[in-house]
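Student: I am new to this structure. Could we go through its rings and its core by question and answer?

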Amino acid sequence: MKHFGWRPAVLAGTIILPLAAAYRWNTLPAFILLGLWIALVYWLGLKMVHGELAEQHRLERLAARIKNEEASTASLSVATPAESSANLEQLYETAIEAFSHHRHDWMNDLQLLYGYVQLGNRERLVENIERIKEQMNADSRVSRLGIPQLIFYLQTFTAVNRNIKLELEIEDGMTLAARLTPEQSEALTRVMQQTISAYEQYGGSSWGECPTLFIMIRSSDDGMEVIFEPEGEYPDAETLWLEVNRYVQSTDMRASRLEEDPSSITLHIE
């Protein structure tokens, strides 16, 4: 049985007084007073119970709405099985394409080296071996950054993007995971992806057929910094600058640029 509070019960108890009076004097006015009092108590009691029931229903509806809102928020943050399967499939396709691209590059390098061996061109042979060695060292520095999502993005970028080329220069021994919190790592990955896309988007067709974007990741006096330097003259530096500043909002990063080179942007992470 639901509990409706103590007030209706107290109100019903007041009937005892006119009931006792009617019993004591046993007159018509006493019984009329008792009937009127019972009718009043009944009406007030119904009103109180109705009010408490309405308040209870209101609280139940409020609780249900909060529960629905929490469920909606949870459904937005958790991918459905179909979405997870699609994302995983896309991840597999990107990885396969990246492996195919790197295998193709290795085959080209091997054929080039084999050609220099046949020609007896020792100078060019050593030169290309050093180039391959440096590329392997660069890939190794990327793999040691310690942020899996960022590593995968940088190492597969060339395979899935033909509009812009990345040249990475990473400080030797740099491990971002040891310097950044998980939240900072996630924010840095997102902002770097957005910034690279912005360089590609706002560069336009006048920025070469396949332009190069140089990216340097290194320590600074107050933390670390990521420097983006486009090759040659960049066509829309102002729009790019506004977009990057929008990207770093709600993060603890800040962006800066040089007056003499407005298309070169640096992200500072303390």
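Student: Which residues do ring pairs link into a cluster?

Tutor: The model is predicted, so local features need pLDDT of at least 70 and side-chain atom pairs 80 or more, while totals for chains, interfaces and linings use all residues. Residues are numbered from 1 along each chain as its sequence is written, and side-chain values use heavy atoms, leaving out hydrogens and water. Rings of Phe, Tyr and Trp (its six-membered ring) pair if their centres lie within 6.5 Å; planes under 30 degrees apart are stacked, over 60 edge-to-face, the rest tilted. The cluster linked by such pairs is Y199, F228 and Y234.

Student: Which residues touch the most other members of the largest nonpolar core?

Tutor: A nonpolar core is a set of buried (under 20% relative accessible area) Ala, Val, Leu, Ile, Met, Phe, Trp, Tyr and Cys residues joined through side-chain atoms within 4.5 Å. The largest one has 39 residues. Those touching the most other members are L145, L176, I215, I217, V226 and F228.

Student: How far does the backbone oxygen of F228 lie from a polar atom of the side chain of S264?

Tutor: F228 touches S264 (contact means heavy atoms within 4.5 Å). S264 is also in contact with Y199, among others. From the backbone oxygen of F228 to a polar atom of the S264 side chain, the distance is 3.3 Å.

Student: What is the relative accessible area of S264?

Tutor: S264 is buried. Its relative accessible area is 6%.

Technical notes: Buried means under 20% relative accessible area, exposed over 50%, partly exposed in between (1.4 Å probe, protein chains only). A polar contact is a pair of N or O atoms within 3.5 Å; within protein, one must be able to donate a hydrogen and the other to accept it, and residues adjacent in sequence count only if both atoms are side-chain atoms. Lists of a residue's contacts leave out its neighbours within four places in sequence.
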